[in-house]
Amino acid sequence: MLNSKLLITLLTVFSTISFPAEVFDFNNAANGGWKASPELTEALMKRRSETNYSEQRVPKYTLPNPLVLSDGTRVTNAGTWRTKRRPEILELFRKFLYGRAPIARPKNMTFKVFDLERKALAGLATRKQVTVNFTGKKNGPKMDILIYLPNAVKTPVPTFVILNFGGNHTIHPDPAIKLSESWMRPGSRGVVKNRANEESRGRSRARFPVEKILKRGYGLATIYYGDIDPDFHDGFKNGVHQVFDKLIDGERSADAWGAIGAWAWGLSRAMDYFETDDDIDNKRVAVLGHSRLGKTALWAGARDERFAFVISNNSGCGGAALSRRRFGETVERINKSFPHWFCENFKKYNGKEDDLPVDQHMLIALIAPRPVYVTSADKDLWADPRGEFLACKHASPVYRLLGIKGLGVRQMPGLDQPVQKGAIGYHVRSGSHNLTEYNWQRFMDFADMHFAAMGRN
Ligand code: GCU
């Protein structure tokens, strides 16, 4: 019989993946993979001395093993992953990071198509605009979905859904796009009004190559994230929080959803609409987001398996990057700068990343076996490109268990060399924190590969 000490040692060994922070030989050119520019690293370290931008200062860390149950049992087959470990990890992310959505699909939610133009964009597309009224009540919270579908595609269209930062009217100058509603936020110099006016039409066009997406045979659906929950800390009084939050003795619980949880929930409500629209191939909907909305896309895809493909663009801390590396933005920093994004429990891990029962490779693993694509940008060290790559790498064993190749490489690829070998795609693009056409083209390459293999219905 095993004595208990030995048993505990064995459990500890099996329940974690132990390795030193990937040791990098900066002088070894043969390594080939991406490395941050030493000049940029030095400049950033000077500018933000409290932030670590140096690989040499990444502490040794041990990642929790996605394939070991919390009672120490190893997960050796797809059934146990599906019925035991996946729900367990999902619950940990709910409880400790993004919070719990108080409601699934609201009973009285309504969809109203208020615009349908079959000859939009000079005949290239069908444009629809749909109001989702979450409570069905006149003054309740609502979001507008703007949809473009290519007319050249005669069957239901595989579609990318993405939250936008500035309002639906900012993604394209099409004058028929309804101006998104603005919201006011207290700023350091008085009240700041989020600009929703005629001048801001098409302002974010560079991030949304609408015509090019349509010409590749994909649809695009977008929603202004502020419709779901305005992005500032007001004690959760506005957006969907005001109507759905459940208070216990007047208090929110430590695992009540934050803004990211609310935005992700809103994406699922858009999916509810897609399921009612015969022009959209609801079995091939990709959810995509940039930056804080990349974090949101990962969480939306993890919790809602109706999303067939999940894309995180430069999502960084609380998104695709491993928290335990403490490189660039840290848990403490993000919770202090954006106290409304995560649930209250996450704050307990400020400076205590090693105590978190999860790390972000497990968020990616929740998407398995569906395809997922993670991007980094060369100059975006704040989001920790290597941490994003490593999360993909350490999610791969879950894909393997499910009989699918995950990332398919061990070392970080070189700059602008996309890895598209398995169900996890990754690239580090030259340039700064942004969503560019290069990104979109790679996402569509990946969608071409994976969607073709998925049967419709
Ligand atoms: C800040 C924040 C990041 C976030 C980004 C964004 O830089 O620190 O975590 O991803 O904003 O959403 O633009």
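**Exercise 1. State what fraction of the 457 residues of the protein counts as buried, and describe the overall fold in numbers.**

Of the 457 residues in this predicted model, 56% count as buried, where buried means under 20% relative accessible area, exposed means over 50%, and partly exposed lies in between, with a 1.4 Å probe and protein chains only. The model is predicted, so local features need pLDDT of at least 70 and side-chain atom pairs count only at pLDDT 80 or more, whereas totals for chains, interfaces and linings use all residues. Residues are numbered from 1 along each chain as its sequence is written, and side-chain values use heavy atoms, with hydrogens and water left out.

The next step is the surface: the protein exposes about 19300 Å², of which carbon and sulfur atoms supply 52%, the accessible areas coming from the Shrake-Rupley method with a 1.4 Å probe and, for residues, with only the protein chains shown counting as cover. The secondary structure comes to twelve helices and 13 strands; these are DSSP runs numbered from the N terminus, helices being H or I with at least four residues and strands E with at least two. Finally, among contacts (heavy atoms within 4.5 Å) between residues at least 6 apart in sequence, 70% join residues at least 24 apart.

**Exercise 2. Identify which members of the largest nonpolar core touch the most other members, and follow one of them outward.**

A nonpolar core is a set of buried Ala, Val, Leu, Ile, Met, Phe, Trp, Tyr and Cys residues joined through side-chain atoms within 4.5 Å. The largest such core has 96 residues, and Phe93, Ile145 and Phe274 touch the most other members. Helix H7 (residues 259-274) contributes the largest share of this core, eleven residues. Apart from it lies another core, of 28 residues, which includes Ile213, Tyr218, Ala308 and Ile311.

Taking isoleucine 145 and leaving aside its neighbours within four places in sequence, one finds contacts with residues including Lys128, Val130, Ala221, Ile223, Ala270 and Phe274.

**Exercise 3. Determine how far helix H8 reaches and which of its residues are buried, then relate H8 to the ligand.**

Helix H8 (residues 292-303) has twelve residues and reaches 17 Å from its first C-alpha to its last, close to the 16 Å expected at 1.5 Å a residue; the expected span is 1.5 Å times one less than the number of residues. Ten of the twelve residues of H8 are buried, so this helix is largely enclosed by the rest of the structure. The buried residues are Leu293, Gly294, Lys295, Thr296, Ala297, Leu298, Trp299, Ala300, Gly301 and Ala302.

The residues around the ligand, meaning those with a heavy atom within 4 Å of it, are Ser291, Arg292, Lys295, Glu329, Ile334, Phe338, Trp341, Trp382 and His433. Polar side-chain atoms lie at 2.7 Å from a ligand oxygen atom for serine 291, at 2.8 Å for lysine 295 and at 2.5 Å for glutamate 329. The protein covers 81% of the 320 Å² of accessible area that the ligand has on its own.

**Exercise 4. Work out where asparagine 133 is placed and which backbone nitrogens its side chain reaches.**

Asparagine 133 belongs to strand E4 (residues 125-133) and, at 9% relative accessibility, counts as buried. Its side chain reaches the backbone nitrogen of threonine 135 at 3.2 Å, and a polar atom of the same side chain of asparagine 133 lies 2.8 Å from the backbone nitrogen of glycine 136. Not counting residues up to four places away in sequence, asparagine 133 touches Asn108, Met109, Thr110, Pro141 and Lys142.

**Exercise 5. Locate the cis peptide bond and describe two positive phi values in residues other than glycine.**

The cis peptide bond joins alanine 368 and proline 369, with omega about 0°, and proline 369 is placed in the loop between helix H10 (360-365) and strand E12 (372-377).

Turning to phi, arginine 326 has a value near 50° and is found in the loop between strand E11 (309-313) and helix H9 (331-337). Aspartate 384 has phi near 55°, is found in the loop between E12 and helix H11 (385-401), and is buried, with a relative accessible area of 2%.

Note on methods. A polar contact is a pair of N or O atoms within 3.5 Å; within protein, one must be able to donate a hydrogen and the other to accept it, and residues adjacent in sequence count only if both atoms are side-chain atoms.
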